[in-house]
Amino acid sequence: MWLQIKRTIKFAINNIAHNYWLAIATIGSIAIALFIINVQIANLMANNLLLEDIQNKVNISVYLKPEVNDEAGREIARKIESYPEVEKVNYVSKEEAFEKFKKDTANNQVLQEALDEVGDNPLGITLNVKARNSEDYPKINEKIKQDTFQDKIESINYEEYKGIISNLNEEIRSSQKITIILAVILSLIAVLITFSTITITIYTHRKEIEIMKLVGGSNFFVSAPFVWEGIIYGVIAAVISTAASYGYLQYIIKNSSDGSLLSLSSARFIKQFLETYLIRNWAIIILSQLLAGIFLGVTSSLISIRKYLKI
Amino acid sequence: MIKYHKVSKVYSRQDKAVLKDINLEIQEREFVTLVGYSGAGKSTLLKMIYAEERPTSGDVYFYKTKINKLSRRKLPKHRQQIGTVFQDYKLLPQKNVWQNVAFAMEVAGKSEEEIAEDVPQIIDIVGLKNKSHKYPEELSGGEQQKVALARALVNRPKILVADEPTGNLDPISTWEIMQLLLKINEYGTTVVLATHDKDVVNRIARRVISMDKGKIIKDDAHGRYCI
Ligand SMILES: Nc1ncnc2c1ncn2[C@@H]1O[C@H](COP(=O)(O)OP(=O)(O)O)[C@@H](O)[C@H]1O
Ligand SMILES: [Mg+2]
């Protein structure tokens, strides 16, 4: 058995050497298929990071009245933090708020002077409320407004943010949808191209398949060389597409803020994606590339050889 | 060793029978020539020996086994016991002479040692010793047919099926191939040769089976071509 397997590998290499143009075409189409799939996956991942990032930045600021003291402020913070939708409440004391305000307006001479004149701290406590899920902000907003401490609240900045938050949520979601649809379509096209290339390869070998069967070659013996061919094509294509995808993503990072194929995601997120995700998971990525390449090569070989094995 | 028992054949999508109730026996070591016009059914009859076609009714035996009942898994082993040569040689274009002959042994699972020993020997027998590294396209028709013959014989088959092997060859090559077939037969291999070359049939003067329109019309032990 081992001898026969060795022989089928030998035949596969022989086939490739004799039809290297077809081999190049096949490898090329598998590599392009993988490349397109890779770029689409990178795009999706980067979009996810973007979404996460935006969600991290969004929060509701609750401004308490200046007369509310530290103890009461902390009590309110604890109450809000106990809402199931709330992830965290960031407590900004009067003093911190004042310092920050002074810093922010440092180059505004008039304001600085006015502040000095007042002498006293006119600002109240600020509570920055962070939701577990950005869709919960309206609910949190309502809860805060109806809670027992509502008379201690000066204002909530949610109303002014409201539009922006829901718009962003929607935009990201729809762009994500488009990207997924695009990815599926492009990947399908690429896979079809691979299939037809390999079908052509096997069609050119149909006479040989017939002869092999005639001499007494078993189905295993006849089809195994084509399966090996598929594996070899898949491996080479995976190496090429991995290198090409990495190069392309690097290029995007260096040369533009909105990559052509990478719609919404900005270069920064692709970079972040490359740095965190890719580098940490390189072994899995290379393995999955190889598996995808081999899968493409082998299944299309098997599917297209099947009809010649019947005789 | 080969027996046709009430064999009829109708190709699908055709209503006319190509073979009609054929009964025929071929003994070991025989040299049988099958003659008849083109379309008489000679190839169809031969295909049943190496199981490329199955009878619509009736049975074809190889010794005790019914060839037409062989499962798809057993076909390769069966074919490895039968040598075949054809008008169009059916060589693998990407393999040289040596590789084409060795291929039949590789398929049959022979060891590398056996291959290294038998392949040069059979190439020598068909007279292509100094061409074993040529590719089919670099050879004449006669030489290609000798390669095909070498490949058919290298596994020492009990029977050689030759379907118009000289159909594309000049008279000299034709005669060389015929000499080889006779020699093989002398060494003990049964030969079944289909041809419509009158000269060939008359010169070898062996058992002649004449076919017409799917029927055997004559079976002579030392026949002549007479259609
Ligand atoms: N695969 C096939 N399908 C349909 N008809 C066929 C097929 N092979 C042969 N025939 C028909 O069967 C008849 C006999 O063919 P064949 O056995 O090749 O005769 P011969 O070898 O004597 O010329 C012919 O009429 C031919 O057209
Ligand atoms: Mg014929």
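This note goes through one pocket, the aromatic pairs, two charges over rings and one contact between chains in a predicted model.

1. The pocket to look at is the second largest one, which has a volume of about 400 Å³. Its lining is made up of 17 residues, and those that lie nearest the centre of the pocket are Tyr63(A), Ala97(A), Lys100(A), Leu123(A) and Thr126(A).

2. Which elements of chain A each supply at least two residues of the lining of this second largest pocket? They are β1 (60–64), α4 (94–104) and β3 (126–131), and α4(A) gives the most, with four residues. By character, the lining of the second largest pocket divides into nine nonpolar, five polar and three charged residues.

3. Turning to the rings, a search of the whole structure finds seven aromatic pairs over all chains. One of them joins Tyr20(A) and Trp21(A), whose ring centres are 6.1 Å apart and whose planes make an angle of 35 degrees, an arrangement that counts as tilted. Within this pair, Trp21(A) counts as exposed because its relative accessibility is 64%, and the cut-off for that word is over 50%.

4. Another aromatic pair, formed by Phe35(A) and Tyr248(A), is edge-to-face, with 5.6 Å from centre to centre and 80 degrees between the planes. This pair links distant parts of the chain, since Phe35(A) belongs to helix α2 (residues 20–57) of chain A and Tyr248(A) to helix α9 (residues 219–255) of chain A, the two residues being 213 residues apart.

5. Are the two partners of that pair buried or exposed, or something in between? Phe35(A) has a relative accessible area of 22% and is therefore partly exposed, whereas Tyr248(A), with a relative accessible area of 18%, is buried. The two values fall on either side of the cut-off, because buried means under 20%.

6. Aromatic residues also come together across the two chains, in that Phe11(A), Phe221(A) and Phe103(B) form one aromatic cluster.

7. Charged residues can be found over ring faces in both chains. In chain A, Arg74(A) lies over the face of Tyr91(A), at 3.9 Å from the ring centre, and in chain B, Lys90(B) lies over the face of Phe86(B), at 5.1 Å from the ring centre.

8. Finally, Arg7(A) deserves a look, as a residue placed in helix α1 (residues 2–18) of chain A. With a relative accessible area of 2%, Arg7(A) is buried, and its side chain is joined to that of Glu112(B) by a polar contact of 3.0 Å.

Notes. Residues are numbered from 1 along each chain as its sequence is written. Chains are lettered from A and ligands numbered from 1 in the order in which they are written. This is a predicted model: local features need pLDDT of at least 70, side-chain atom pairs count only at pLDDT 80 or more; totals for chains, interfaces and linings use all residues. Side-chain values use heavy atoms; hydrogens and water are left out. On a 1 Å grid over the protein atoms alone, a cavity is a set of points where a 1.4 Å probe fits but cannot get out, and a pocket is an open set with protein on both sides within 12 Å along at least five of seven lines; lining residues have an atom within 4 Å of a point. Grid points are joined across faces, edges and corners, and a volume is the space filled by probe spheres set on the points. Ala, Val, Leu, Ile, Met, Phe, Trp, Tyr, Cys and Pro count as nonpolar, Asp, Glu, Lys and Arg as charged, and the others, Gly among them, as polar. Rings of Phe, Tyr and Trp (its six-membered ring) pair if their centres lie within 6.5 Å; planes under 30 degrees apart count as stacked, over 60 as edge-to-face and the rest as tilted. Buried means under 20% relative accessible area, exposed over 50%, partly exposed in between (1.4 Å probe, protein chains only). A charge sits over a ring if NZ of Lys or CZ of Arg is within 6 Å of the ring centre and within 35 degrees of the ring normal. A polar contact is a pair of N or O atoms within 3.5 Å; within protein, one must be able to donate a hydrogen and the other to accept it, and residues adjacent in sequence count only if both atoms are side-chain atoms.
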